[in-house]
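Biologist: I'm new to reading models like this one, so could I quiz you on your vocabulary? I'll keep asking why you call things what you call them.

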Amino acid sequence: MKEIVLDKVIRQVGNRTDGVIRFGQKADGSHFEIPVIIIKGNKTGPTLLADGATHGDETEGTEAILRIAKDYEKGDFAGTFVGVPALNMEAFNLVRRASLTDGFNLNRIFPGNKDTYITHRLAAVYTERVLSTIDAAICFHGGGDVLHLEPLCGYMPDGECGEKAKAMAEAFNAGYVWHISNLPFGGMTAHVCVDMGIPCVIPEVGSHCSRLHNRQRDIQTCYQGIKNIMISMGMLDEKAPERVKQIVMELHYLHAYNGGIQTPVRQPGEIVEKGETLCVMQDMFGNQIEEMKAPWRGVVIGFWSVPVIHPGDWWSLYGKILD
Ligand SMILES: [Zn+2]
């Protein structure tokens, strides 16, 4: 099996190696880098990747990866754990969703291209040097700074690895399982994983809304989710916690037509009947200018969580219940 080659080792103690993969030198001599933690387990087994902050403002997975790395750095598991706490380090540094240098959203351009823009190069280098070495992937996302989402774990049902991905998503044990078959865009890390035959799940956990009171709870959800997947893959010899009752759904991003001051009128997790109001919007004179109605009976997974919304932004994150 191919192994990850680091360009610089920062620290190597026992089973754990921390280091970076470099993918471009800047004018000041510093480098664009991917931070990588590699922990070799004491027994043979699969290689599991967990990465966070593909979107730089989605940091719950980041903190969970660091916690897993600390707790399991002695290698008390089977296989290899690869942790990438912040894949888009530039965006993470700046608490931004997308890259600053070229403006690209990293999770729309996989598998990237080494010969063009720097974010495309990041995607290509990551695909070639990290994704090609793993057996399964957990790609953490969340609500970041403009959305609220209830904890969910998405999986790519496509390809030969779809069943494995489904088992991983269920094992993650969030309240909602997202069967991802309706995305209006491609280019995610998960898409290239499917092409490479790697089962991949996408947890969406936490947001700026819940960080005030529930930051540690959300990190714990991500941490326990990684452990649950490790148990399900035979990497950890621990007893899995009892499964919560999970709702399987297809998440739909319903867009606002106008911009203005928006207000969600339903609670996360609420079941809404077809035609009932999900959110309303007013203009700068206080007149209601738009109302989002439920297109079918479904569940409120989340919403745009800051008052100001632009024309065309995601407004309601609405789940179509599948079972
Ligand atoms: Zn994201």
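Biologist: Let's start with a strand: which residue in E18 is the bridge partner of His255?

Modeller: That's Trp314. Before we go on, residues are numbered from 1 along each chain as its sequence is written. Also, this is a predicted model: local features need pLDDT of at least 70, side-chain atom pairs count only at pLDDT 80 or more, while totals for chains, interfaces and linings use all residues.

Biologist: What makes E11 and strand E18 (residues 314-321) a pair?

Modeller: Two strands pair if DSSP finds at least two bridges between them. E11 and E18 have seven, in the antiparallel sense. The names come from DSSP runs numbered from the N terminus: helices (H or I) have at least four residues and strands (E) at least two.

Biologist: Which strand does strand E9 (residues 176-179) join by three bridges, and in which sense, parallel or antiparallel?

Modeller: Strand E11 (residues 247-255), and those two run parallel. In E11, Val248 is the bridge partner of Val177. E9 also joins E8 through four bridges, again running parallel, with Tyr176 in E9 as the partner of Leu152.

Biologist: Where else does E8 pair, and what stands opposite Leu152 there?

Modeller: E8 pairs with E10 in the antiparallel sense over four bridges. Opposite Leu152 you'll find Glu204 in E10.

Biologist: What makes you say that both faces of strand E8 (residues 152-155) are covered?

Modeller: In a regular strand the side chains alternate between the two faces of the sheet. In E8, Leu152 and Gly154 are on one side, Cys153 and Tyr155 are on the other, and all of these are buried.

Biologist: Okay, "buried". Why is Ser99 called that?

Modeller: We count C-beta atoms, placed from the backbone: a residue is buried if 20 or more others lie within 10 Å of its own, exposed if 12 or fewer, and partly exposed in between. Ser99 has 23 other C-beta atoms within 10 Å, so it counts as buried. Ser99 lies in the loop between helix H2 (89-93) and H3.

Biologist: Which residues is Ser99 in contact with, leaving aside its neighbours within four places in sequence?

Modeller: Asn88, Glu90, Ala91, Phe104, Leu106 and Thr119. "In contact" means that two C-beta atoms, placed from the backbone, lie within 7 Å.

Biologist: And why is His310 called exposed?

Modeller: It has 10 other C-beta atoms within 10 Å, so it falls on the exposed side of the cut-off. You'll spot His310 in the loop between E17 and E18.

Biologist: How do you know that helix H5 (residues 189-196) is mostly covered?

Modeller: Six of its eight residues are buried, namely Thr189, Ala190, His191, Val192, Cys193 and Val194. Their cover includes helix H3 (118-129), strand E6 (136-139) and strand E10 (200-204). Just after H5, by the way, Gly197 takes a positive phi of about 75°.

Biologist: Now helices on helices. Why is H1 called oblique to H6?

Modeller: Axes are lines fitted to C-alpha atoms, for helices over the stretch in contact, and angles run from 0 to 180 degrees between N-to-C directions. Helix H1 (residues 60-71) and helix H6 (residues 208-232) pack at about 55°, with axes 8 Å apart. Under 35 degrees is roughly parallel, over 145 roughly antiparallel, 65 to 115 roughly perpendicular and the rest oblique. The angle of H1 to H6 fits none of the named ranges, so H1 is oblique to H6.

Biologist: Which residues make that contact?

Modeller: Among them are Glu60, Ala64 and Ile68 of H1, and Asp218, Cys222 and Ile226 of H6.

Biologist: What makes H4 oblique to H6?

Modeller: The axes of helix H4 (residues 162-172) and H6 come within 8 Å and cross at roughly 130°. Once more that angle is in the leftover class, so H4 is oblique to H6. Ala167, Met168, Ala171 and Phe172 in H4 meet Gly225, Asn228, Ile229 and Ser232 in H6.

Biologist: Last one: what makes strand E15 (288-293) and strand E17 (308-309) edge strands?

Modeller: They belong to an open sheet of four strands in the order E15-E14-E12-E17, with antiparallel pairing. E15 and E17 each pair on one side only, hence "edge". Further in, strand E12 (residues 260-264) is joined to strand E14 (residues 277-282) by four bridges, and Thr263 has Val280 in E14 as its partner.
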